[in-house]
Every structure is written in structure tokens, then in C-alpha cells.
Amino acid sequence: MINQIFGVKSGVLALAVATALSPLATATADPYSKRVQLIRADDIIGLELRTSDGHEAGEIDSLLISPATGRVRYALISEDESLDLEDDELVALPFSKLYPRSINDDDIDVDATLRQLQEATRLNREKLADFTQPRIVTAIYDHYQIPKSERLESDNTGGNDQGSQHRGAARDGGADNHVLISRDVIATILPGMAGADELLGAEVVLGGDRGTGEIDEILIDSDSDAVAYILVSHGGFLGIGNEWHPLPIQSLQWDSKSEKYRVATPTDGSGISSKSIKDGDPPRRVRQSELDQLYSRYGIPPDRTEKTERLFDG
């Protein structure tokens, strides 16, 4: 069944019966045997923050993801008395400041102080697209003292251009779009959108007799801000009998005419894998080698992104 998930001909993808919060197996000398622990984006939404100076500060309202780089840009934090936010205000926290391995019940540790969050850039949720404006992005990263080497590639003018081919594949008209995932919706944000009422859907044209699906699950590497892969749901009726297709999020290309995503053609010209699985509880641990095979199928380098490694030390 695991070969069905990734549509590969060889290798067996090891799954753990433990949840996403269990520790990774000890890595061997061979990096391709490493098991990558994943967490569902849905499992992060709604968590309360524990700051580095011991305070509770707000709740994760949503995540903002860059398909162009394959990384989660921000966790957006909602109202809380300690942050003195208005009802419709959100604070942006770079995802690299979160420790997914620290999740305990309804809390998650963050590498930020209460004062940093109180003094951070805040915007009305009706202006979500403003969080992606270069000027505001720079201000947010500067505020949290994120090194330039750890910022998303598209934020570093003149920086390392590794993977630029795939950043371009996720753009329309040269501008980066973003995927917003909240408790009730997965939507697309385009640059210059005036308000939340202009949010677009997250439909994906699968091609062939598979028609159109929707982004249903987003799996994130627990040790970085990288999206490991997405699951696109299609088929079924009233949510029953759906099937999932796994894809690298960098393989998505926004089509402004249809207002849907199209999938980049695999490098072997074979088209999107016909392999699919019934939707349910997605795997929480996968072999790095299996992820590499999935990515290489779409011409994406094995390391996919310059991941921000943030192993949690207890």
C-alpha cells in the first residue's frame, strides 16, 4: 500500500504506529535510511503558544505556506489578552520559531518572548495578503532576528538561487501566491488581494480521467519548516470514498484563468501517478529516500529546500 502512496516501483515506506509526537528513530550513517517525522498542518491549528520566557501567548489561527519554496512562512496568531489584539487582528510568527516536537496537549513551545510577540507586526485578517508584501516580510523577519540564511529563498534578493526553476513553477505572472490553511478552510492568497472576501480555493487539476481535486492534507517535516508533501483529494460523494494523490507542493502551478492549480509534468513524461490511496489518517513517518523519489519524479532536487533545521533539545 505504501508504494501506492508515492507511486514508486521500489522500496517500502516504513510507517510507525505511533503518532506524530513520538520520537524519531535513531538515524543511521546512511541519510537515505533516515525516517522523517511528519505532522499534519491541521494538528498545529488551534495550539496555544508557550513563549521562551514562560508565558502563554495567543493561539495559532492559521498557517501561511509558500508553494514556490515548499516552506511554511508564518504561523498567524489570533486574539489573546496577553497580546492585546483586536478581534480581527493577527500577529505573524515565522514558522521556524515553532518547535513541533514540543507539542503537549494543546500547547507548543516557541522561540520568542512575550514582548517580541506583543511588539510584532499585526494586521487585520481582512488584509492577509499584506503579510506577503516584501516590506512587511522583511520587517517581520528582522523583528524576530531571523538570519538571512534562514529566510525563504524568494525573500533573499540576490541570494542563493538554488531551486529557482521550481519557484517559477509555482508562480503566475512572476508573483508568489500563498496557501492559507485554517481550522475550516484551505485557500489561495494572491499578491494584491484587497481582503479576505477575495480568497480563492485550492482546487488542483489532476488531468486525465481524474478531473479536479482539492488540497486536503498538508504534511510538514517536524524538524523544519518544509512541507514534506500534500495530499490532493478527489472522487467520492459528499466526502465519502475520496482518494488521495501525494504531490510535492512545489509541483503546483497557479493558473489565473481557471483560478486553479495545475501540476507540473513529471520529468519522465509519465504524467501524474495513477496511484492513490483512500483518505484517512496520513502516515506520520516516512523514509527520506521515498520522499526523494517523489520529488525527483518532478525534477525537484532531493533536498528540496534549504530547510531550517531546528531539532528540539528537550
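## Helix H5

Helix H5 buries Gln288, Ser289, Glu290, Leu291, Asp292, Leu294 and Tyr295. Keep in mind as you look around that this is a predicted model. H5 spans residues 288-296, and with seven of its nine residues buried, the helix is mostly covered. The buried set includes Glu290 and Asp292 as well as Leu291 and Leu294.

## The E11–E12 hairpin

Let's turn to a pair of strands. Strand E11 takes in residues 178-182, and it runs antiparallel to E12, with four bridges joining the two. The connection from E11 to E12 is a hairpin of three residues. If you would like one pairing to find on screen, look for Val179, whose bridge partner in E12 is Thr188.

Strand E12 covers residues 186-189, and both of its faces are covered. On one side sit Ile186 and Thr188, on the other Ala187 and Ile189, and all of these are buried. Thr188 is thus a handy residue to highlight: it is buried in E12 and is the bridge partner of Val179.

## Thr51 in its loop

Now for a residue outside the strands. Thr51 lies in the loop between strand E2 (48-50) and strand E3 (56-66). Is Thr51 buried or exposed? With a relative accessible area of 6%, Thr51 falls under the 20% cut-off and therefore counts as buried.

Which residues does Thr51 touch, leaving aside those up to four places away in sequence? They are Ala57, Val110, Ala112, Thr113, Leu114 and Leu117. One of these contacts, Leu114, is 63 residues from Thr51 in sequence, while the C-alpha to C-alpha distance is 6.0 Å.

How values were computed: Residues are numbered from 1 along each chain as its sequence is written. This is a predicted model: local features need pLDDT of at least 70, side-chain atom pairs count only at pLDDT 80 or more; totals for chains, interfaces and linings use all residues. Side-chain values use heavy atoms; hydrogens and water are left out. Buried means under 20% relative accessible area, exposed over 50%, partly exposed in between (1.4 Å probe, protein chains only). Two strands pair if DSSP finds at least two bridges between them. Contact means heavy atoms within 4.5 Å.
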